[in-house]
Amino acid sequence: MANERLRAALLASPFTEEALAAHLGIDPKSVQRWITRDVTPRRATAHQAAQALNAPLAYLWPELAADLPTASEAEIVRLYPHRSATPRQLWLDLLTRASSHVWLFANASLFLPEDNPESITTLMDKAAAGISVRIMMGDPDTPEMALRGVEERLYDAIPGRIRMALAYYSPLIDVPGIEFRLHRTSLYNSIFRYDDEMLINQHIYGTYGYIAPVLHLRRVDGGDFFDTYIRSFERVWETSYPIQESNFHRQRQVRLSDCATSPTPQSPELESR
C-alpha cells in the first residue's frame, strides 16, 4: 500500500524524491520505498523528513506517533507565569551558547537589548561565526501594529516601542550573515529560538507582553511541540520583507544623511572671533 499522505506532501513541497533524499543524506530508493511500499523510516529520519516537508510527523507516519505525546511533553523544560518571571540571565545564556541558529520573532522585543545590552554585539559575533541569525520584528508603519496598540490599550505606544526597539537593533542592518526582516502579522506568540531550545512568549488579548507567560522548550527526537513553533516562524518568514524595503529604514537613511551633511555647530566664543 502506498503512502499517499507522504506523496501529497512531497508534491506540495519544493522537493523531488531525489532532492529530499539528498537533504536527508540517504539513498533516493529509500524515499521511493516510503512512498510506494509504505515503508516506515527510522524515527530520527522521519522526524527530519517531516520537518523538511513542513508536515506533522503524526500525519505522515501515524505509527510513529504512538509515543508522540510523551516525547512532546518531554520537550517542555519549564513554564513561567510571566515573562518578567523569566530569569534575566537565561536569555543571555541561551544566546551565548547558540552554535547553529538564533531566530528572533516578535513585534518589538525591546526588553532583550535593554536588559542585556551586550546581546546586539553577541548577535554580530554569532553571524560572523557562520550561525544562522534571523530577526523578524513588526513594521511600525502598518495597520496591524496600530491595532495591537488598541488591543493592549497602549495605542501609539506600540508603534513607538517598535521604533525604539528597531533603533537598538539597527546596527545589525546590512551586517553579513544577519537576515533582518519586518512582518505585519497578528502576533500570537513571540518566538526566540536558540539552536534546539526555544523561549516562547505567549500573548493574551489585552495583556502586556511582560505579564504573559513564557514557555521554555528543548527539542526531543520524536516530539512535535518544538517543531510546531518552527513551522509557525517559517510561515511568517515567508511573508515578511527585508527591513531595507520599509518606510522605517528609508526615514532612518534620510536622518543619517541629514546628520552627515549638517555643519558642526561652533561655540559662541568661536563665532565671535
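**Exercise 1. Determine the handedness of the crossing of α2 and α4, and classify their packing angle.**

Solution. The model is predicted.
- Step 1. Locate the helices: α2 covers residues 17–24 and α4 covers residues 43–52.
- Step 2. Read the handedness: α2 and α4 cross in a right-handed sense.
- Step 3. Take the geometry. The packing angle is about 125 degrees, and the axes lie 10 Å apart.
- Step 4. Classify the angle. Roughly perpendicular ends at 115 degrees, and roughly antiparallel needs over 145. The pair α2 and α4 is therefore oblique.

**Exercise 2. List the residues through which α2 and α4 meet, and sort them by class.**

Solution.
- Step 1. From α2, take Leu20, His23 and Leu24.
- Step 2. From α4, take Thr45, Gln48, Ala49 and Ala52.
- Step 3. Sort them: the contact has 4 nonpolar and 3 polar residues, with no charged ones.

**Exercise 3. Decide whether Leu166 is buried or exposed, and name the residues it touches.**

Solution.
- Step 1. Place the residue: Leu166 sits in helix α11, residues 157–169.
- Step 2. Apply the cut-off. Buried means under 20% relative accessible area. Leu166 has 0%, so it counts as buried.
- Step 3. Leave out residues up to four places away in sequence; Leu166 then touches Met137, Gly138, Pro140, Phe180, Leu182, Ile243 and Phe248.
- Step 4. Check the distance to Leu110. The separation from Leu166 is 56 residues in sequence, but 8.4 Å in space, C-alpha to C-alpha.

**Exercise 4. Describe the whole protein by its secondary structure and its buried share.**

Solution.
- Step 1. Count elements: the protein has 14 helices and 8 strands.
- Step 2. Take the burial: 46% of the 273 residues count as buried.
- Step 3. Add the span of the C-alpha trace, about 95 × 40 × 35 Å along the principal axes.

Note on methods: Residues are numbered from 1 along each chain as its sequence is written. This is a predicted model: local features need pLDDT of at least 70, side-chain atom pairs count only at pLDDT 80 or more; totals for chains, interfaces and linings use all residues. Side-chain values use heavy atoms; hydrogens and water are left out. Axes are lines fitted to C-alpha atoms, for helices over the stretch in contact, and angles run from 0 to 180 degrees between N-to-C directions. Helices (H or I, at least four residues) and strands (E, at least two) are DSSP runs, numbered from the N terminus. Angles under 35 degrees count as roughly parallel, over 145 as roughly antiparallel, 65 to 115 as roughly perpendicular and the rest as oblique. A crossing is left-handed if the near helix is turned anticlockwise from the far one by less than a right angle, and right-handed if clockwise. Contact means heavy atoms within 4.5 Å. Ala, Val, Leu, Ile, Met, Phe, Trp, Tyr, Cys and Pro count as nonpolar, Asp, Glu, Lys and Arg as charged, and the others, Gly among them, as polar. Buried means under 20% relative accessible area, exposed over 50%, partly exposed in between (1.4 Å probe, protein chains only).
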